[in-house]
Amino acid sequence: MRRSTSAMATQVTARRLPIHQGPAAWNVILGAQGVPDVFEGEATADFVIVGAGFAGLSAARRLLQLHPTARIIVLEAGRLAEGASGRNSGFMIDLPHDLASDDYAGAGDDRTMIALNRQAIAFAREAVSDFAIDPNYFDEAGKINGAASAAGHAHNLSYAKHLTSLGEASEMLDQAQMTALTGSAHYQSGLFTPGTVMLQPAGYVRGFGAGLAAHMRICENSPVTGFARVGSDWRVTTPKGTVTTPRILLTNNGHLESFGYEKGRLMQLFLYASMTPELETDTLAKLGGAPRWGITPSDPMGTTVRRINTSQGGNRIITRTCATLNPNMTPTASDVARAARVQQRKFDQRFPQLAGLQMEHKWAGHLCLSLNGVSVMREIENGVFSGCVQNGLGTARGTLTGIGAAELACGETSDITAFFTRSAPPQRLPPQPFAKIGANAVLRWKEWRAGNE
C-alpha cells in the first residue's frame with residue numbers, strides 16, 4: 001500500500017466546494033426529493049465518507065457488507081444526484097473505453113479491466129435488487145458506437161477487431177438498421193456491444209441512497225470544510241457540526257485536489273449536455289425509431305446521444321458534446337451557452353424532422369482525469385483513504401474505487417485493491433496557465449476533427 005510521499009498532515013482544509021452550472025437534468029425530471037438530513041452538532045463514527053456519488057455510495061455499501069454494525073456517516077455537499085451523478089450520460093461500460101484513444105481500445109491489460117468493470121456492474125445489479133431500485137434505472141440494453149463518416153466507420157472496424165482479439169462479442173449495424181433504431185439517417189453504421197448498462201443515473205443514485213439510509217446516516221447539504229488530526233482520530237468539520245472518526249474515505253473525484261492532494265496532477269474537465277422537453281405524441285411520430293437507446297460516438301470527442309422514455313423520466317433526447325478544462329473547477333454560463341449552441345446544431349443535424357426543437361435543460365458536468373489515465377485509490381494519510389479520479393468513466397470506475405477504498409479502510413485485499421494500488425501515481429501536469437490554454441486548444445481542435453461524429 002502506497003501512502004502520500006509528503007509529511008503526514010495534521011490539518012486539511014477544503015480550498016473550494018462544488019459549483020455547478022445548469023440543472024442536474026436527470027434529477028430534475030424525477031421530481032423533488034424529500035427533506036434532506038443535514039448534519040448538525042457533534043457525533044462519532046467508525047467511518048466517514050466524503051461525497052455521495054457512485055464512489056461514495058458504493059464505498060458505503062461495501063463497508064456495510066464488511067462491517068454490518070459499523071457506525072457510518074456519509075457527508076454530501078449538495079443533494080443526492082445534484083452533482084456529477086445527475087449530470088453524466090448514464091453509460092456503465094464494461095469494455096475498454098479509453099477516451100485518449102481514437103477507437104477506445106485500452107493501452108493496458110484490457111482483460112483485467114473488463115473483469116473489474118463487470119465486477120462493478122454485478123455490484124450495482126445486486127444493489128438494485130437489494131434496495132428495490134426501479135429496474136428501469138438499470139437497463140442492461142447494451143450500447144452502440146455510432147459512425148457518421150468513413151473515418152468513424154474505420155474507428156469502429158478497428159475497435160471491433162480489438163474486441164475480437166479479446167474474445168468479446170460485437171455486431172456491426174448498417175445505415176438502415178441505425179435509422180430504424182434511432183429515427184435518424186445521420187449514422188452510416190454502428191457497432192453494438194451488449195454489456196453496457198444504460199442508467200437513469202439520478203434514479204439509481206437516489207434509490208441507492210434511500211436503501212443505505214436504513215443502515216447509516218446519509219447527510220446532504222453538509223459539505224466537508226476540512227479535517228484535522230485529534231490524537232489517533234480525525235475530526236471532520238462541516239458548516240454546522242463535527243464528526244470524530246478513525247477513518248475517512250474521500251470519494252469526491254476531482255475535489256480530492258480541493259483538499260490539497262495530487263495538486264498539479266489532475267485535469268479538471270467539464271462536459272456539457274442538453275435535454276429536450278417531454279416529446280409530444282405527434283413529435284414522437286415524426287421521430288420514429290425505438291423508445292430507448294444510447295449512442296456513444298466512434299470518435300471519443302464526438303457527440304453522445306441518448307433517447308429515454310417515460311419509465312426513465314419522460315420521452316426525451318439527451319445530446320452531450322463539448323469539453324473545457326477548468327482548473328478552478330468552475331464552469332461558466334458562457335461555457336454552457338457555447339456548448340448549447342453546438343448541441344442544438346448537432347441535434348438538428350441528426351433529427352432534421354425535429355429541427356428547431358428547443359432544449360429544456362442545459363448543463364455542465366465535472367470530470368477528473370489524470371495525464372496517464374490512473375485513478376487515486378490508496379491510503380493517502382494514516383486513516384484517510386481515496387477513491388477518486390475516475391478518468392471520465394465515473395459510473396463503473398467510481399463504483400470500483402469506492403469499493404476499493406472501503407476494502408482498504410477495513411484492511412481487506414481483493415482484485416480491485418491489487419489493481420489500483422499497484423498503479424503509478426498521476427503524472428505532473430505542465431504549469432498554469434500553459435496547461436489550461438494548451439489543453440483547451442487541443443480540445444477545440446479535437447472537437448473540430450471529430451466533425452459529424
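**Entry 1: the E21–E22 hairpin**

I began at Glu381, whose bridge partner in E22 is Val384. A note to myself before going on: this is a predicted model. E21 and E22 run antiparallel and are joined by five bridges. Two residues lie between the strands of this hairpin, and Gly383 takes a positive phi near 90 degrees there. I then checked how covered E21 is: six of its six residues are buried.

**Entry 2: the sheet around that hairpin**

Next I wanted the whole sheet. I found six strands in an open sheet, ordered E11-E4-E3-E15-E22-E21, with mixed pairing. Which strands stand at the edges? They are strand E11 (217-219) and strand E21 (376-381); each has a single partner strand, so one side of each is left without a neighbour in the sheet. From one strand to the next, the twist averages 20 degrees.

I followed E22 to its other pairing. Strand E15 (residues 248-250) and strand E22 (residues 384-388) pair in the parallel sense over three bridges. Here the bridge partner of Ile248 in E22 is Val384. I met Val384 in my opening entry too, as the partner of Glu381. A reminder I jotted in the margin: strands of a sheet pair through backbone hydrogen bonds, either parallel or antiparallel.

**Entry 3: helix H2 and what it touches**

I looked for a helix over this sheet and came to H2. H2 lies across strand E3 (47-50), strand E4 (72-75), E15 and E22, and it runs at about 160 degrees to E3.

How do H2 and H3 pack, and at what angle? Helix H2 (residues 54-66) and helix H3 (residues 110-130) pack at about 75 degrees, with their axes 12 Å apart. Angles of 65 to 115 degrees count as roughly perpendicular, and H2 and H3 are therefore roughly perpendicular to each other. I listed the contact residues: Ser58, Arg61, Arg62 and Gln65 from H2, with Phe123, Glu126, Ala127 and Asp130 from H3. By type, the residues of this contact divide into two nonpolar, two polar and four charged.

**Entry 4: a second sheet**

Another open sheet turned up, this one with five strands in the order E1-E12-E13-E14-E2 and mixed pairing. Strand E1 (11-13) and strand E2 (41-44) are the edge strands, each pairing on one side only. The twist here averages 15 degrees from one strand to the next. I zoomed in on one end: four bridges join E2 to strand E14 (residues 241-245), and the two run parallel. Glu42 has Thr242 as its bridge partner in E14.

**Entry 5: E17, E18 and E19**

I moved along to E18, which has antiparallel partners in E17 and E19. Three bridges join strand E17 (residues 293-297) to E18, and a hairpin of six residues connects the two. Trp293 stands opposite Arg307 in E18. On the other pairing, five bridges join E18 to strand E19 (residues 316-325), where Arg306 stands opposite Ile318.

Is strand E18 (residues 304-308) mostly covered or mostly open? It is mostly covered, with five of its five residues buried. In a regular strand the side chains alternate between the two faces of the sheet. I could trace that pattern here: Thr304, Arg306 and Ile308 point one way, Val305 and Arg307 the other way, and all are buried.

**Entry 6: positive phi away from glycine**

I kept a short list of backbone oddities. Cys322 has a positive phi of about 80 degrees although it is not a glycine, and its place is in strand E19. Cys322 is buried, with a relative accessible area of 4%. Ala81 also has a positive phi, of about 70 degrees, without being a glycine. Its place is in the loop between E4 and strand E5 (91-92). Ala81 is buried as well, at a relative accessible area of 2%.

**Entry 7: helix H8**

My last check was on the length of H8. Why does the span of helix H8 (residues 333-350) agree with what is expected? At 1.5 Å a residue, its 18 residues should span 26 Å, and its end C-alpha atoms are 25 Å apart, which agrees. I also noted buried residues in H8, among them Val336, Ala339, Ala340, Val342 and Phe347. Charged names appear in that buried list too, including Asp335, Arg338, Lys346 and Arg350.

Notes
Residues are numbered from 1 along each chain as its sequence is written. Side-chain values use heavy atoms; hydrogens and water are left out. The expected span of a helix is 1.5 Å times one less than its number of residues. Buried means under 20% relative accessible area, exposed over 50%, partly exposed in between (1.4 Å probe, protein chains only). Two strands pair if DSSP finds at least two bridges between them. Axes are lines fitted to C-alpha atoms, for helices over the stretch in contact, and angles run from 0 to 180 degrees between N-to-C directions. Angles under 35 degrees count as roughly parallel, over 145 as roughly antiparallel, 65 to 115 as roughly perpendicular and the rest as oblique. Contact means heavy atoms within 4.5 Å.
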